[in-house]
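Got your viewer open? Load the model below and follow along, one selection at a time.

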There are 2 protein chains.
Amino acid sequence: MNPQTPAPLSERELVLTRILNASPEKLFRCWTEPALIKQWFVPKPWTIAKAEVDLRAGGSSLIVMRSPEGHEMPNPGIYLEVIPNKRLVFTDAYTKAWEPSGKPFMTAIVTFEDAGNGQAKYTATARHWSKEDREAHEKMGFHEGWGICATQLEALAKTL
Amino acid sequence: MNPQTPAPLSERELVLTRILNASPEKLFRCWTEPALIKQWFVPKPWTIAKAEVDLRAGGSSLIVMRSPEGHEMPNPGIYLEVIPNKRLVFTDAYTKAWEPSGKPFMTAIVTFEDAGNGQAKYTATARHWSKEDREAHEKMGFHEGWGICATQLEALAKTL
């Protein structure tokens, strides 16, 4: 009802791209099966205390991260788009369909493309409503954190 | 990544309910066909200069309102859920799938229930990310504006 002209999307997104030694199918399993999510989704020595997944457009996800000191950090969100083995889109703008959250921070688009030789091109894009949130996310350690996680993800997927 | 505890949903939403003398099917047509949208979607003497509708979850909508003085006010958004003749959910949090807008202001849930005798129970709910936005929307004239539009909607649907 009161649209504002946003900054260009390129100034509001963060992107991580990697060629991983695992198939799109195995990476997708690691992203969507709770028992697997718990093994890689946060840089160690943090752990995942809880992973609940309702894997469909409009379905909720709740991932609770736990710090080495035992502090728990819940990350509620919903899936906006689910294309098996290819693409996942989710956001923290809703805690369930369709309840607005306390603060819409980001929308993530994760894609898995077959790169041949049992490899996949893995792209994780985090889009934000403002440049300020993008900058805050970068300072929170987006590149390092998502990079470490990609390495953990690859290591787990190779065992499947 | 950085969730805040929001105010209870009841404090962040606005609701309009009416029994209308038209079937859910006709009301749904008025809500989703551009040629019909143009006839009722804004309180007269405002008009709709443009109505573009890609009616599917993830599809964009663009409705441009025009004031009596000729000032145009674009309202870009996307549909989150489309259940023909029953339910529409849309938001201005994205301008298309999945590009965050400049300002996520509201998510609207519109339902059409058969009330017998050719009538429908019509419920329009506007949910906001903050109490402040709910209050702003109320002061912008939510109840009066959506109420006038409901009357215009009913009048049009009865002619179909």
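**Stop one: the sheet**

Start by selecting β3 (residues 60-66) and β4 (residues 72-83) of chain B: these strands run antiparallel and are joined by seven bridges. At this pair, B:Arg66 stands opposite B:Glu72 in β4(B). Strands (E, at least two residues) and helices (H or I, at least four) are DSSP runs, numbered from the N terminus.

A quick word on ground rules: this is a predicted model, where local features need pLDDT of at least 70, side-chain atom pairs count only at pLDDT 80 or more, and totals for chains, interfaces and linings use all residues. Residues are numbered from 1 along each chain as its sequence is written, chains are lettered from A and ligands numbered from 1 in the order in which they are written, and side-chain values use heavy atoms, with hydrogens and water left out.

Now widen the selection to the open sheet of seven strands, ordered β1-β9-β8-β5-β4-β3-β2 in chain B, with antiparallel pairing (at least two DSSP bridges between two strands). Its edge strands are β1 and β2 of chain B, each pairing on one side only.

**Stop two: helix α3**

Next, pick residues 131-139 of chain B, helix α3, and color B:Asp133, B:Arg134 and B:His137, its buried residues (under 20% relative accessible area, 1.4 Å probe, protein chains only). Look down the axis of α3(B): these buried residues fall within an arc of 105° (directions from the axis to the C-beta atoms), so they line one face of the helix. The face turned away carries B:Glu132 and B:Lys139, both exposed (over 50%).
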